[in-house]
Amino acid sequence: MIFVTGGAGFIGSNFILDWLANDAAEPVLNIDKLTYAGNPYNLASVADDPRYAFVQADICDEIAMATLLSRYRPRAIVHFAAESHVDRSIHSPDEFIRTNVNGTFNLLNKALRYWQTLPQDEQQDFRFLHVSTDEVYGSLLPDDPPFSETTTYAPNSPYSASKAASDHLVRAFHHTYGLPTLTTNCSNNYGPYHFPEKLIPLVIANALAGNPLPIYGDGLQIRDWLFVADHCAALRTVLADGKTGETYNVGGWNEQTNLHVVHTLCDTLDALSPRAGGSYRDLITFVKDRPGHDRRYAIDARKLERELGWKPAETFDSGIRKTVQWYLDHGDWVAQVRSGAYMNWIQKQYGDNPPGALV
Ligand code: NAD
Ligand code: TYD
(Lines give C-alpha, C1' and ligand atoms only; values in the text may rest on other atoms or scores of the structure.)
(Ligands and ions follow the chains in the order given, each with its own letter.)
Protein backbone atom coordinates (compact mmCIF):
# COMPACT_ATOMS: atom_id res chain seq x y z
CA MET A 1 0.00 0.00 0.00
CA ILE A 2 1.00 3.63 -0.51
CA PHE A 3 -0.21 6.64 1.49
CA VAL A 4 -1.19 9.77 -0.42
CA THR A 5 -1.64 12.90 1.69
CA GLY A 6 -3.81 15.67 0.24
CA GLY A 7 -5.30 13.24 -2.27
CA ALA A 8 -8.61 15.10 -2.46
CA GLY A 9 -6.92 18.23 -3.85
CA PHE A 10 -6.13 19.11 -7.45
CA ILE A 11 -2.89 17.22 -8.11
CA GLY A 12 -3.47 14.55 -5.47
CA SER A 13 -6.79 13.45 -6.96
CA ASN A 14 -5.31 13.39 -10.48
CA PHE A 15 -2.44 11.31 -9.08
CA ILE A 16 -4.74 8.77 -7.40
CA LEU A 17 -6.98 8.40 -10.47
CA ASP A 18 -3.91 7.96 -12.65
CA TRP A 19 -2.31 5.49 -10.20
CA LEU A 20 -5.41 3.30 -9.92
CA ALA A 21 -5.89 3.28 -13.70
CA ASN A 22 -3.02 0.77 -13.67
CA ASP A 23 -4.52 -2.61 -12.72
CA ALA A 24 -1.26 -3.74 -11.17
CA ALA A 25 -0.90 -0.69 -8.89
CA GLU A 26 -0.60 -1.03 -5.11
CA PRO A 27 -3.62 0.07 -3.04
CA VAL A 28 -3.86 3.70 -1.91
CA LEU A 29 -4.87 5.22 1.39
CA ASN A 30 -5.83 8.86 0.84
CA ILE A 31 -5.27 10.95 3.98
CA ASP A 32 -6.88 14.35 3.63
CA LYS A 33 -8.20 16.90 6.08
CA LEU A 34 -10.75 18.12 3.51
CA THR A 35 -10.06 21.83 3.75
CA TYR A 36 -11.89 24.10 1.30
CA ALA A 37 -9.51 22.73 -1.37
CA GLY A 38 -10.17 19.05 -0.77
CA ASN A 39 -13.09 17.70 -2.74
CA PRO A 40 -13.87 14.00 -2.22
CA TYR A 41 -16.18 13.94 -5.24
CA ASN A 42 -13.06 14.16 -7.43
CA LEU A 43 -12.54 10.52 -6.48
CA ALA A 44 -16.13 9.33 -6.89
CA SER A 45 -15.11 7.05 -9.78
CA VAL A 46 -12.77 5.03 -7.50
CA ALA A 47 -14.78 5.24 -4.27
CA ASP A 48 -15.86 1.60 -4.63
CA ASP A 49 -12.51 0.31 -5.86
CA PRO A 50 -11.24 -2.17 -3.23
CA ARG A 51 -7.74 -0.74 -3.73
CA TYR A 52 -8.85 2.73 -2.57
CA ALA A 53 -9.54 3.93 0.98
CA PHE A 54 -10.00 7.37 2.46
CA VAL A 55 -9.35 8.73 5.94
CA GLN A 56 -10.18 12.26 6.94
CA ALA A 57 -7.24 13.35 9.05
CA ASP A 58 -4.92 16.30 9.57
CA ILE A 59 -1.22 15.71 8.89
CA CYS A 60 -0.53 17.79 12.02
CA ASP A 61 -2.35 15.20 14.15
CA GLU A 62 0.41 13.20 15.84
CA ILE A 63 -1.73 10.32 17.05
CA ALA A 64 -3.60 9.93 13.77
CA MET A 65 -0.40 9.84 11.67
CA ALA A 66 1.37 7.37 14.00
CA THR A 67 -1.70 5.12 14.17
CA LEU A 68 -2.29 5.08 10.43
CA LEU A 69 1.35 4.20 9.77
CA SER A 70 1.48 1.34 12.23
CA ARG A 71 -1.91 0.01 11.16
CA TYR A 72 -1.53 0.13 7.35
CA ARG A 73 2.28 -0.21 7.06
CA PRO A 74 2.71 1.68 3.77
CA ARG A 75 5.57 1.01 1.34
CA ALA A 76 5.65 4.70 0.43
CA ILE A 77 4.18 8.09 1.29
CA VAL A 78 3.45 10.57 -1.49
CA HIS A 79 3.05 13.87 0.32
CA PHE A 80 0.86 16.47 -1.43
CA ALA A 81 -1.08 17.89 1.54
CA ALA A 82 -0.49 21.62 1.77
CA GLU A 83 -2.04 25.03 1.68
CA SER A 84 -1.26 25.93 -1.92
CA HIS A 85 -2.60 29.34 -2.93
CA VAL A 86 -0.15 32.28 -2.91
CA ASP A 87 -2.87 34.94 -2.55
CA ARG A 88 -4.31 33.21 0.52
CA SER A 89 -0.81 32.98 2.01
CA ILE A 90 -0.42 36.75 1.64
CA HIS A 91 -3.68 37.44 3.49
CA SER A 92 -3.40 34.75 6.19
CA PRO A 93 -0.08 32.90 6.37
CA ASP A 94 -0.73 31.07 9.67
CA GLU A 95 -2.35 28.00 8.16
CA PHE A 96 0.53 27.73 5.66
CA ILE A 97 3.06 27.46 8.46
CA ARG A 98 0.87 25.04 10.40
CA THR A 99 0.21 22.59 7.57
CA ASN A 100 3.18 23.03 5.26
CA VAL A 101 5.90 23.32 7.90
CA ASN A 102 4.58 21.78 11.13
CA GLY A 103 2.43 19.21 9.32
CA THR A 104 5.31 18.06 7.12
CA PHE A 105 7.56 17.91 10.18
CA ASN A 106 5.01 15.77 12.03
CA LEU A 107 4.62 13.46 9.05
CA LEU A 108 8.41 13.10 8.70
CA ASN A 109 8.79 12.42 12.40
CA LYS A 110 6.13 9.73 12.42
CA ALA A 111 7.37 8.26 9.14
CA LEU A 112 10.89 8.05 10.57
CA ARG A 113 9.76 6.21 13.70
CA TYR A 114 7.69 3.82 11.59
CA TRP A 115 10.55 3.28 9.12
CA GLN A 116 12.97 2.49 11.94
CA THR A 117 10.73 -0.41 13.02
CA LEU A 118 10.73 -2.04 9.57
CA PRO A 119 12.84 -5.08 8.65
CA GLN A 120 15.90 -4.17 6.58
CA ASP A 121 14.46 -5.16 3.18
CA GLU A 122 11.31 -3.09 3.81
CA GLN A 123 13.45 -0.19 5.02
CA GLN A 124 15.31 -0.29 1.72
CA ASP A 125 12.11 -0.26 -0.32
CA PHE A 126 10.42 2.53 1.65
CA ARG A 127 10.11 6.00 0.06
CA PHE A 128 8.91 9.39 1.33
CA LEU A 129 8.16 11.45 -1.79
CA HIS A 130 7.74 15.14 -0.97
CA VAL A 131 5.87 17.09 -3.65
CA SER A 132 7.14 20.66 -3.81
CA THR A 133 7.22 23.70 -6.04
CA ASP A 134 9.60 25.72 -8.19
CA GLU A 135 8.50 28.81 -6.23
CA VAL A 136 11.10 27.98 -3.54
CA TYR A 137 13.77 29.31 -5.94
CA GLY A 138 12.28 32.83 -6.05
CA SER A 139 12.00 34.97 -9.16
CA LEU A 140 14.08 34.95 -12.37
CA LEU A 141 15.24 37.95 -14.41
CA PRO A 142 14.45 37.83 -18.16
CA ASP A 143 17.92 36.53 -19.16
CA ASP A 144 18.50 34.16 -16.22
CA PRO A 145 18.76 30.44 -16.99
CA PRO A 146 15.84 28.34 -15.73
CA PHE A 147 15.92 26.95 -12.18
CA SER A 148 18.06 23.84 -11.81
CA GLU A 149 18.31 21.55 -8.78
CA THR A 150 21.35 23.54 -7.61
CA THR A 151 19.71 26.99 -7.81
CA THR A 152 19.83 28.76 -4.44
CA TYR A 153 16.57 28.86 -2.52
CA ALA A 154 15.11 32.40 -2.35
CA PRO A 155 11.38 32.11 -1.58
CA ASN A 156 9.41 35.36 -1.71
CA SER A 157 5.85 34.61 -0.57
CA PRO A 158 4.66 33.05 2.69
CA TYR A 159 3.55 30.07 0.57
CA SER A 160 6.94 29.53 -1.06
CA ALA A 161 8.75 30.17 2.24
CA SER A 162 6.65 27.48 3.93
CA LYS A 163 7.34 25.02 1.10
CA ALA A 164 11.06 25.86 1.23
CA ALA A 165 11.07 25.15 4.97
CA SER A 166 9.40 21.80 4.37
CA ASP A 167 11.94 20.93 1.63
CA HIS A 168 14.77 21.66 4.08
CA LEU A 169 13.19 19.41 6.71
CA VAL A 170 12.89 16.58 4.19
CA ARG A 171 16.53 17.02 3.23
CA ALA A 172 17.56 17.04 6.90
CA PHE A 173 15.63 13.84 7.69
CA HIS A 174 17.48 12.08 4.90
CA HIS A 175 20.89 13.51 5.73
CA THR A 176 20.63 13.08 9.50
CA TYR A 177 18.56 9.94 9.97
CA GLY A 178 18.81 8.20 6.60
CA LEU A 179 15.06 8.33 5.85
CA PRO A 180 14.76 7.41 2.14
CA THR A 181 13.28 10.66 0.84
CA LEU A 182 12.75 12.08 -2.64
CA THR A 183 11.78 15.68 -3.43
CA THR A 184 10.26 17.04 -6.60
CA ASN A 185 10.02 20.77 -7.39
CA CYS A 186 7.43 21.32 -10.07
CA SER A 187 6.28 24.33 -12.06
CA ASN A 188 2.66 25.55 -12.33
CA ASN A 189 0.20 22.76 -13.12
CA TYR A 190 -3.13 22.99 -14.93
CA GLY A 191 -5.84 20.50 -15.88
CA PRO A 192 -9.02 18.84 -14.54
CA TYR A 193 -10.12 19.34 -10.88
CA HIS A 194 -8.11 22.57 -10.50
CA PHE A 195 -9.74 24.75 -7.84
CA PRO A 196 -11.15 27.89 -9.50
CA GLU A 197 -9.11 30.33 -7.42
CA LYS A 198 -5.96 29.68 -9.51
CA LEU A 199 -5.42 31.57 -12.76
CA ILE A 200 -6.45 29.00 -15.41
CA PRO A 201 -9.63 27.54 -13.84
CA LEU A 202 -10.62 30.97 -12.51
CA VAL A 203 -10.44 32.49 -15.99
CA ILE A 204 -12.40 29.62 -17.55
CA ALA A 205 -15.10 29.71 -14.85
CA ASN A 206 -15.38 33.50 -14.89
CA ALA A 207 -15.49 33.61 -18.68
CA LEU A 208 -18.32 31.08 -18.85
CA ALA A 209 -20.22 33.06 -16.20
CA GLY A 210 -19.65 36.32 -18.15
CA ASN A 211 -17.59 37.78 -15.28
CA PRO A 212 -14.38 39.88 -15.55
CA LEU A 213 -11.09 38.04 -16.10
CA PRO A 214 -8.70 39.67 -13.60
CA ILE A 215 -5.08 40.09 -14.70
CA TYR A 216 -2.69 41.23 -11.97
CA GLY A 217 -0.47 44.21 -12.90
CA ASP A 218 0.70 44.22 -16.52
CA GLY A 219 0.10 40.49 -17.06
CA LEU A 220 3.66 39.99 -18.31
CA GLN A 221 4.70 37.73 -15.44
CA ILE A 222 5.92 34.36 -16.71
CA ARG A 223 5.07 30.86 -15.48
CA ASP A 224 6.22 27.50 -16.91
CA TRP A 225 2.96 25.58 -17.33
CA LEU A 226 2.73 21.79 -17.08
CA PHE A 227 -0.33 19.62 -17.74
CA VAL A 228 -1.17 17.79 -14.51
CA ALA A 229 -1.06 14.31 -16.10
CA ASP A 230 2.58 14.96 -17.03
CA HIS A 231 3.32 15.87 -13.41
CA CYS A 232 1.65 12.64 -12.24
CA ALA A 233 3.77 10.63 -14.68
CA ALA A 234 6.90 12.39 -13.38
CA LEU A 235 5.96 11.54 -9.79
CA ARG A 236 5.42 7.87 -10.66
CA THR A 237 8.83 7.85 -12.34
CA VAL A 238 10.61 9.47 -9.42
CA LEU A 239 8.86 7.19 -6.92
CA ALA A 240 9.90 4.11 -8.89
CA ASP A 241 13.42 5.03 -9.95
CA GLY A 242 14.54 8.20 -8.16
CA LYS A 243 17.71 8.12 -6.10
CA THR A 244 16.98 8.67 -2.42
CA GLY A 245 18.12 11.98 -0.99
CA GLU A 246 17.89 13.61 -4.44
CA THR A 247 15.66 16.40 -5.69
CA TYR A 248 14.20 16.51 -9.21
CA ASN A 249 12.84 19.56 -11.01
CA VAL A 250 9.69 18.94 -13.05
CA GLY A 251 8.58 21.39 -15.73
CA GLY A 252 6.99 21.75 -19.12
CA TRP A 253 9.61 23.78 -21.04
CA ASN A 254 6.65 26.02 -21.59
CA GLU A 255 7.19 29.60 -20.41
CA GLN A 256 4.16 31.82 -21.07
CA THR A 257 3.14 35.27 -19.90
CA ASN A 258 -0.11 35.38 -17.97
CA LEU A 259 -1.55 37.56 -20.71
CA HIS A 260 -0.73 34.93 -23.33
CA VAL A 261 -2.31 32.22 -21.16
CA VAL A 262 -5.51 34.23 -20.78
CA HIS A 263 -5.62 35.06 -24.49
CA THR A 264 -5.18 31.36 -25.32
CA LEU A 265 -8.01 30.44 -22.94
CA CYS A 266 -10.30 33.09 -24.46
CA ASP A 267 -9.52 31.98 -28.00
CA THR A 268 -10.09 28.33 -27.11
CA LEU A 269 -13.41 29.20 -25.49
CA ASP A 270 -14.36 31.30 -28.52
CA ALA A 271 -13.84 28.18 -30.65
CA LEU A 272 -15.48 25.62 -28.36
CA SER A 273 -18.28 27.63 -26.76
CA PRO A 274 -18.76 30.98 -28.55
CA ARG A 275 -20.09 33.87 -26.52
CA ALA A 276 -23.00 35.93 -27.81
CA GLY A 277 -21.93 39.46 -28.68
CA GLY A 278 -18.14 39.16 -28.83
CA SER A 279 -14.94 37.43 -27.79
CA TYR A 280 -14.17 36.31 -24.27
CA ARG A 281 -11.14 38.61 -24.55
CA ASP A 282 -13.55 41.52 -24.01
CA LEU A 283 -13.89 40.38 -20.38
CA ILE A 284 -10.16 40.88 -19.60
CA THR A 285 -9.68 43.41 -16.78
CA PHE A 286 -6.34 44.60 -15.46
CA VAL A 287 -6.39 44.81 -11.65
CA LYS A 288 -4.01 45.79 -8.85
CA ASP A 289 -0.87 43.65 -8.77
CA ARG A 290 -0.21 40.96 -6.15
CA PRO A 291 2.21 42.23 -3.46
CA GLY A 292 5.71 40.82 -3.98
CA HIS A 293 4.58 39.20 -7.24
CA ASP A 294 7.35 36.95 -8.65
CA ARG A 295 8.10 37.99 -12.21
CA ARG A 296 9.30 34.79 -13.82
CA TYR A 297 9.54 31.07 -13.07
CA ALA A 298 11.12 28.55 -15.45
CA ILE A 299 12.30 25.00 -14.86
CA ASP A 300 15.31 23.18 -16.23
CA ALA A 301 13.97 19.61 -16.22
CA ARG A 302 17.03 18.01 -17.86
CA LYS A 303 18.08 15.99 -14.79
CA LEU A 304 14.77 14.12 -14.72
CA GLU A 305 14.98 13.45 -18.46
CA ARG A 306 18.67 12.45 -18.42
CA GLU A 307 18.60 10.25 -15.31
CA LEU A 308 15.07 8.83 -15.29
CA GLY A 309 13.85 9.30 -18.87
CA TRP A 310 10.82 11.50 -18.11
CA LYS A 311 9.70 14.31 -20.35
CA PRO A 312 6.30 15.99 -20.79
CA ALA A 313 3.94 14.45 -23.32
CA GLU A 314 1.38 17.25 -23.66
CA THR A 315 1.88 20.47 -25.62
CA PHE A 316 0.47 23.68 -24.17
CA ASP A 317 -2.16 23.96 -26.93
CA SER A 318 -3.36 20.37 -26.56
CA GLY A 319 -3.32 20.57 -22.74
CA ILE A 320 -5.26 23.83 -22.69
CA ARG A 321 -7.82 22.46 -25.14
CA LYS A 322 -8.34 19.35 -22.99
CA THR A 323 -8.63 21.51 -19.89
CA VAL A 324 -11.16 23.92 -21.38
CA GLN A 325 -13.19 20.98 -22.70
CA TRP A 326 -13.12 19.35 -19.23
CA TYR A 327 -14.49 22.52 -17.62
CA LEU A 328 -17.16 22.83 -20.32
CA ASP A 329 -18.20 19.23 -19.58
CA HIS A 330 -18.09 19.68 -15.79
CA GLY A 331 -20.02 22.87 -15.07
CA ASP A 332 -21.68 21.02 -12.19
CA TRP A 333 -18.25 20.44 -10.57
CA VAL A 334 -17.42 24.16 -10.73
CA ALA A 335 -20.83 25.10 -9.30
CA GLN A 336 -20.45 22.56 -6.51
CA VAL A 337 -16.94 23.75 -5.63
CA ARG A 338 -17.89 27.41 -5.74
CA SER A 339 -20.93 26.88 -3.52
CA GLY A 340 -19.00 24.65 -1.09
CA ALA A 341 -21.74 22.04 -1.63
CA TYR A 342 -19.30 19.15 -1.15
CA MET A 343 -18.46 20.27 2.37
CA ASN A 344 -21.01 17.96 3.98
CA TRP A 345 -19.74 14.96 2.00
CA ILE A 346 -18.45 13.14 5.09
CA GLN A 347 -21.84 13.28 6.78
CA LYS A 348 -23.60 12.14 3.59
CA GLN A 349 -21.14 9.33 2.94
CA TYR A 350 -20.55 8.01 6.42
CA GLY A 351 -23.42 9.34 8.56
CA ASP A 352 -22.52 9.06 12.24
CA ASN A 353 -19.55 6.78 11.56
CA PRO A 354 -17.01 9.13 9.91
CA PRO A 355 -13.75 7.77 8.50
CA GLY A 356 -11.75 9.31 11.36
CA ALA A 357 -13.14 6.29 13.24
CA LEU A 358 -10.87 4.11 11.08
CA VAL A 359 -7.94 5.53 13.00
P1 NAD B 1 -4.68 21.83 -3.44
O2 NAD B 1 -4.78 23.06 -2.61
O3 NAD B 1 -5.58 21.66 -4.60
O4 NAD B 1 -4.89 20.53 -2.49
C5 NAD B 1 -4.32 20.43 -1.22
C6 NAD B 1 -4.98 19.24 -0.52
O7 NAD B 1 -4.36 19.09 0.78
C8 NAD B 1 -6.48 19.42 -0.27
O9 NAD B 1 -7.17 18.24 -0.57
C10 NAD B 1 -6.56 19.73 1.23
O11 NAD B 1 -7.79 19.30 1.82
C12 NAD B 1 -5.38 18.93 1.75
N13 NAD B 1 -4.87 19.46 3.04
C14 NAD B 1 -4.59 20.76 3.33
N15 NAD B 1 -4.16 20.86 4.61
C16 NAD B 1 -4.14 19.59 5.11
C17 NAD B 1 -3.77 19.05 6.37
N18 NAD B 1 -3.36 19.82 7.38
N19 NAD B 1 -3.87 17.71 6.53
C20 NAD B 1 -4.31 16.90 5.54
N21 NAD B 1 -4.70 17.38 4.33
C22 NAD B 1 -4.60 18.71 4.12
O23 NAD B 1 -3.15 21.72 -3.85
P24 NAD B 1 -2.50 21.19 -5.21
O25 NAD B 1 -2.49 22.28 -6.21
O26 NAD B 1 -3.11 19.88 -5.55
O27 NAD B 1 -1.00 20.96 -4.73
C28 NAD B 1 -0.60 19.72 -4.14
C29 NAD B 1 0.87 19.82 -3.74
O30 NAD B 1 1.66 20.07 -4.90
C31 NAD B 1 1.17 20.93 -2.76
O32 NAD B 1 2.13 20.45 -1.83
C33 NAD B 1 1.76 22.04 -3.62
O34 NAD B 1 2.67 22.82 -2.89
C35 NAD B 1 2.45 21.22 -4.69
N36 NAD B 1 2.58 21.89 -6.00
C37 NAD B 1 1.49 22.44 -6.61
C38 NAD B 1 1.63 23.03 -7.86
C39 NAD B 1 0.44 23.61 -8.61
O40 NAD B 1 0.61 24.20 -9.66
N41 NAD B 1 -0.79 23.44 -8.10
C42 NAD B 1 2.87 23.07 -8.47
C43 NAD B 1 3.97 22.49 -7.82
C44 NAD B 1 3.81 21.91 -6.59
P1 TYD C 1 -1.69 31.24 -9.62
O2 TYD C 1 -2.55 30.35 -10.45
O3 TYD C 1 -2.26 31.80 -8.34
O4 TYD C 1 -0.33 30.45 -9.35
P5 TYD C 1 1.07 30.98 -8.70
O6 TYD C 1 0.85 32.28 -8.02
O7 TYD C 1 1.38 29.88 -7.72
O8 TYD C 1 2.04 31.05 -9.83
O9 TYD C 1 -1.23 32.46 -10.50
C10 TYD C 1 -0.55 32.26 -11.73
C11 TYD C 1 -0.17 33.62 -12.26
O12 TYD C 1 -1.37 34.31 -12.62
C13 TYD C 1 0.53 34.49 -11.23
O14 TYD C 1 1.52 35.28 -11.89
C15 TYD C 1 -0.58 35.38 -10.69
C16 TYD C 1 -1.49 35.55 -11.89
N17 TYD C 1 -2.92 35.73 -11.59
C18 TYD C 1 -3.63 36.76 -12.19
O19 TYD C 1 -3.08 37.56 -12.97
N20 TYD C 1 -4.97 36.87 -11.91
C21 TYD C 1 -5.61 36.04 -11.07
O22 TYD C 1 -6.84 36.20 -10.82
C23 TYD C 1 -4.87 34.97 -10.46
C24 TYD C 1 -5.55 34.01 -9.51
C25 TYD C 1 -3.52 34.86 -10.76
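This report describes a strand at the start of the chain and the surroundings of two ligands in a predicted model.

**Strand β1 and its partners**

Strand β1 covers residues 2-5, and from it I2 and V4 point one way while F3 and T5 point the other way, with all of these residues buried. In a regular strand the side chains alternate between the two faces of the sheet. β1 pairs in the parallel sense with strand β2, which spans residues 28-32, over four bridges, and within this pairing V4 stands opposite N30. Between these two strands the chain passes through helix α1, residues 10-20, and the resulting β-α-β crossover is right-handed. β1 also pairs in the parallel sense with strand β4, residues 76-79, again over four bridges, and there the bridge partner of V4 is V78.

**Polar contacts of the ligands**

The table lists contacts between oxygen atoms of the two ligands and atoms of the protein.

| Ligand | Residue | Part of the residue | Distance |
|---|---|---|---|
| ligand 1 | G9 | polar backbone atom | 2.9 Å |
| ligand 1 | F80 | backbone N or O atom | 2.8 Å |
| ligand 1 | Y159 | side-chain N or O atom | 2.7 Å |
| ligand 2 | L199 | backbone N or O atom | 2.9 Å |
| ligand 2 | R223 | side-chain N or O atom | 2.8 Å |
| ligand 2 | R290 | side-chain N or O atom | 2.5 Å |

**The shell around ligand 1**

On its own, ligand 1 has 840 Å² of accessible area, of which the protein covers 97%. The elements that give two or more residues to its shell are α1, β5 (127-133) and α6 (158-177), and β5 gives the most, with three residues. Helix α1, which carries the chain from β1 to β2, is thus named again among the elements around this ligand. In total 28 residues surround ligand 1, the closest being I11, D32, S84, Y159 and K163. By class, the shell comprises 13 nonpolar, 11 polar and four charged residues.

**The shell around ligand 2**

Ligand 2 has 510 Å² of accessible area on its own, and the protein covers 96% of this area. It is surrounded by 16 residues, of which E135, R223, N258, R290 and H293 are the closest; R223 and R290 also appear in the table, each through a side-chain atom. At least two residues of the shell come from each of α7 (199-209) and β8 (213-216), and β8 gives the most, with three residues. The shell around ligand 2 divides into seven nonpolar, four polar and five charged residues.

Key
Residues are numbered from 1 along each chain as its sequence is written. Chains are lettered from A and ligands numbered from 1 in the order in which they are written. This is a predicted model: local features need pLDDT of at least 70, side-chain atom pairs count only at pLDDT 80 or more; totals for chains, interfaces and linings use all residues. Side-chain values use heavy atoms; hydrogens and water are left out. Buried means under 20% relative accessible area, exposed over 50%, partly exposed in between (1.4 Å probe, protein chains only). Two strands pair if DSSP finds at least two bridges between them. A crossover is right-handed if, with the strands pointing away from the viewer, the path from the first strand over the helix to the second runs clockwise. A residue is near a molecule or strand if one of its heavy atoms lies within 4 Å of it. A polar contact is a pair of N or O atoms within 3.5 Å; within protein, one must be able to donate a hydrogen and the other to accept it, and residues adjacent in sequence count only if both atoms are side-chain atoms. Accessible areas come from the Shrake-Rupley method with a 1.4 Å probe; for residues, only the protein chains shown count as cover. Ala, Val, Leu, Ile, Met, Phe, Trp, Tyr, Cys and Pro count as nonpolar, Asp, Glu, Lys and Arg as charged, and the others, Gly among them, as polar.
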